[in-house]
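Here are my notes on the model you sent over. Have a look at the fold first, then read the points in order.

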Amino acid sequence: EVRHFDFYRIKNQYELDEIGLFGDIDKVVSIIEWPEIAEKELHFIEQRININISLSGMYKRVAVVEYCL
């Protein structure tokens, strides 16, 4: 199972619970946009893959993929 979370408008831990983040996140693949907004609450995640995409010039994008334990 794959779940998608977008933290862009998240303001507090209560809202993370409302969207189901703390359910069975350790049993599914979760794609999280804007994870830095809730970095403290994500401390329990043992493995993650960070993907950062940035613009480099008018027509070029640079993607950096980083595996973190």
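1. Some bookkeeping on terms: helices (H or I, at least four residues) and strands (E, at least two) are DSSP runs, numbered from the N terminus. By that count the chain has one helix and four strands, and going along the sequence the order is β-α-β-β-β.

2. Please keep in mind that this is a predicted model, where local features need pLDDT of at least 70 and side-chain atom pairs count only at pLDDT 80 or more, while totals for chains, interfaces and linings use all residues. Residues are numbered from 1 along each chain as its sequence is written, and side-chain values use heavy atoms, with hydrogens and water left out.

3. On overall dimensions, the C-alpha atoms fill a box of roughly 40 × 25 × 20 Å along the principal axes. About 5,900 Å² of the chain is exposed, 53% of it supplied by carbon and sulfur atoms; accessible areas come from the Shrake-Rupley method with a 1.4 Å probe, and for residues only the protein chains shown count as cover. Buried means under 20% relative accessible area, exposed over 50%, and partly exposed in between. Buried residues are 16% of the 69 in the chain.

4. Now the N-terminal part. Strand β1 (residues 2-6) runs parallel to strand β2 (residues 29-33), and five bridges join them; two strands pair if DSSP finds at least two bridges between them. His4 sits opposite Ile31 of β2. To get from β1 to β2 the chain passes through helix α1 (residues 13-18), and this β-α-β crossover is right-handed. That label means that, with the strands pointing away from the viewer, the path from the first strand over the helix to the second runs clockwise.

5. Ser30 is a handy residue to click on in β2. Its C-alpha atom is 5.8 Å from that of His4, although the two are 26 residues apart along the chain. Leaving out residues up to four places away in sequence, Ser30 touches Arg3, Phe5 and Ile25, where contact means heavy atoms within 4.5 Å. Ser30 counts as partly exposed because its relative accessibility is 24%.

6. How many salt bridges does the structure hold? There is one, and Arg3 forms it with Glu1, the closest N and O atoms being 3.1 Å apart. The term needs a side-chain nitrogen of Lys or Arg within 4 Å of a carboxyl oxygen of Asp or Glu. Glu1 is exposed at 63% relative accessibility, whereas Arg3 is partly exposed at 24%.

7. Next, the hairpin. Strands β3 (48-55) and β4 (61-68) run antiparallel and are joined by eight bridges. Ile49 has Tyr67 as its bridge partner in β4. Five residues lie between the two strands, and Gly57 in the turn has a positive phi of about 90°.

8. Which residues make the nonpolar surface patch of about 730 Å²? They are Ile49, Ile51, Ile53, Val65, Tyr67 and Leu69. Patches are made of residues with over 30% relative accessible area and no salt bridge, with like charges joined within 9 Å and nonpolar side chains (Val, Leu, Ile, Met, Phe, Trp, Tyr) within 5 Å. Both β3 and β4 supply at least two residues, but the largest share, three residues, is from β3.

9. Last point, on how little covers β3: the count of buried residues among its eight is zero. Ile51 belongs to this strand, and Ile51 counts as exposed because its relative accessible area is 55%.

Terms used: Buried < 20%, exposed > 50% of the residue type's maximum accessible area, 1.4 Å probe, protein only.
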